[in-house]
Amino acid sequence: MSAPEDEQPSPAGSPVPDSRPNPSVYSSRVLKYLYTPLIIGFSHRWVWGVPNSELRSLYRTNIGAPHVEVGPGNAHWLRKQSPRQVHLIDITRDPLRVSNARLEKRDWQVFTHQQSATDPWPLEDASVQSVGAGMVLHCLPGENLFDKRPLITQAHRVLKEDGRLFGATVLGEADPAPISRLGKRVRDTYNNSDNVFSNRGDTAEELHQVLESVFGTGRVTVRVLGATALFQALR
Ligand SMILES: C[S@@+](CC[C@H](N)C(=O)[O-])C[C@H]1O[C@@H](n2cnc3c(N)ncnc32)[C@H](O)[C@@H]1O
């Protein structure tokens with residue numbers, strides 16, 4: 001199956017705003033000292049209702065080499081894995097710096113690319129075994145998941161046959177998944193803040209549709225856990 005075009009208009013038809021770096025939220029200091037205890041340790045479980053054991057096993061099950069990590073944050077999950085060659089793609093500089101330093105310390109060969117994951121990736125077609133996109137889709141601007149499709153078409157393009165795209169994302173208020181009162185408050189606050197979340201319209205059903213529109217029918221799994229969706233797609 002050939003890779004579909006990136007430039008598909010969203011069903012809503014309105015232009016998608018460009019992504020922008022967020023150096024204050026994703027600063028080196030935050031990533032080194034606060035991100036793991038606050039976001040991974042606390043928010044995953046108590047705000048979004050997703051067990052970290054599921055995220056860890058998503059990486060363990062799907063990662064191969066070479067690997068592409070989109071929006072690596074502080075490389076918390078990645079650095080526990082064994083593949084040794086990785087391309088990191090992030091629109092903000094510090095996630096690339098922090099992740100690069102952590103992975104190089106463990107003898108990974110790292111290539112960094114500072115750009116939006118929705119722009120074309122500087123990688124050859126069919127050149128990597130896996131692409132991870134953990135907790136990134138909910139950050140991308142758009143009214144719905146169709147607006148975030150360019151990330152998925154790029155992943156499809158660079159994956160080898162039998163390679164895997166996998167990841168997780170927080171669902172928006174348009175999804176019926178139950179969410180705690182705290183989760184709803186945090187999600188509303190992030191969506192009302194500049195350049196933090198943009199996931200009001202994101203649903204698990206639409207995530208499945210978008211992934212299948214790129215990877216093909218029967219090649220996609222989407223599981224809802226708490227207010228998140230965990231996904232895998234086979235090239
Ligand atoms: C919530 S963090 C997730 C970090 C990590 N993947 C994890 O699961 O802990 C979101 C990451 O996506 C990056 N990001 C946000 N928008 C992006 C875009 N348009 N293109 C590439 N990276 C982006 C952020 O800089 C940050 O590193």
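Good morning. In this talk a helix is a DSSP run of H or I that holds at least four residues, a strand is a DSSP run of E that holds at least two, and both are numbered from the N terminus. The structure before you is a predicted model. I shall begin with a loop, continue with the ligand, and then turn to individual residues.

With that definition in hand, consider E143. This residue lies in the loop between strand β4, residues 128–134, and helix α4. Is E143 buried, partly exposed or exposed? The relative accessible area of E143 is 48%, and exposed would require over 50%, so the residue is classed as partly exposed. E143 and P15 are 128 residues apart along the chain, while their C-alpha atoms are separated by 9.7 Å.

Let me now turn to the ligand. Where does the ligand sit? The answer is the largest pocket. There are 18 residues around the ligand, and those that come nearest are S19, G71, D90, A117 and G134. What is the character of this shell? Its residues divide into 10 nonpolar, 7 polar and 1 charged.

Several backbone atoms of the protein lie at short listed distances from polar atoms of the ligand. For an oxygen atom of the ligand, the partner is a backbone N or O atom of G73, at 3.2 Å. For nitrogen, I91 places a polar backbone atom 3.4 Å from a nitrogen atom of the ligand. In the case of A117, the distance between a polar backbone atom and a nitrogen atom of the ligand is 2.8 Å. How much of the ligand does the protein cover? On its own, the ligand has 590 Å² of accessible area, and the protein covers 95% of this.

Next, I would draw attention to two polar contacts between side chains. H44 belongs to helix α1, which comprises residues 28–47. Because its relative accessibility is 3%, H44 counts as buried. The side chain of H44 is joined to that of N52 by a polar contact of 2.8 Å. The second example is in helix α4, residues 149–158, where we find Q154. Q154 has a relative accessible area of 4% and is therefore buried. Its partner is R157: the two side chains make a polar contact of 3.0 Å.

I come now to the backbone geometry. As a general rule, most residues other than glycine have a negative phi, and most peptide bonds are trans. Against that background, which form does the peptide bond from A65 to P66 take? It is cis, with omega near -5 degrees. P66 is located in the loop between helix α2, residues 52–62, and strand β1, residues 67–70.

Two residues deserve mention for phi. A75 is not a glycine, and yet its phi is positive, near 65 degrees. A75 is placed in the loop between β1 and β2, the latter being residues 85–90. The relative accessibility of A75 is 1%, so the residue counts as buried. D107, also a residue other than glycine, has a positive phi near 70 degrees. The loop that holds D107 runs between helix α3, residues 93–105, and strand β3, residues 109–114. Is D107 buried or exposed? With a relative accessible area of 65%, D107 is exposed.

Finally, let us look at pairs of residues separated along the chain. In helix α6, residues 204–215, we find V214. V214 has 0% relative accessibility and thus counts as buried. Between the C-alpha atoms of V214 and R235 there are 9.3 Å, and the two residues are 21 apart along the chain. L207 is also placed in helix α6. L207 is buried, its relative accessible area being 0%. L207 and L145 stand 62 residues apart along the chain, with their C-alpha atoms separated by 6.2 Å.

The last pair involves strand β7, residues 228–234, which contains A229. A229 counts as buried at 0% relative accessibility. Its C-alpha atom is separated by 9.5 Å from that of A177, a residue 52 positions away along the chain.

To close, I would ask you to retain two points about the ligand: it sits in the largest pocket, and S19, G71, D90, A117 and G134 come nearest to it. Thank you for your attention.

Conventions
Residues numbered from 1 in each chain as written. Predicted model: local features only at pLDDT ≥ 70, side-chain atom pairs only at ≥ 80, totals over all residues. Heavy atoms only, no water. Near = heavy atom within 4 Å. Polar contact = N/O pair within 3.5 Å; in protein donor to acceptor, adjacent residues only side chain to side chain. Areas by Shrake-Rupley, 256 points an atom, 1.4 Å probe, with all protein chains shown as cover. 1 Å grid on protein atoms, 1.4 Å probe; cavity = no way out; pocket = protein on both sides within 12 Å on 5 of 7 lines; lining within 4 Å. Sits in = over half its atoms within 2 Å of the grid points. Nonpolar A, V, L, I, M, F, W, Y, C, P; charged D, E, K, R; others polar. Buried < 20%, exposed > 50% of the residue type's maximum accessible area, 1.4 Å probe, protein only.
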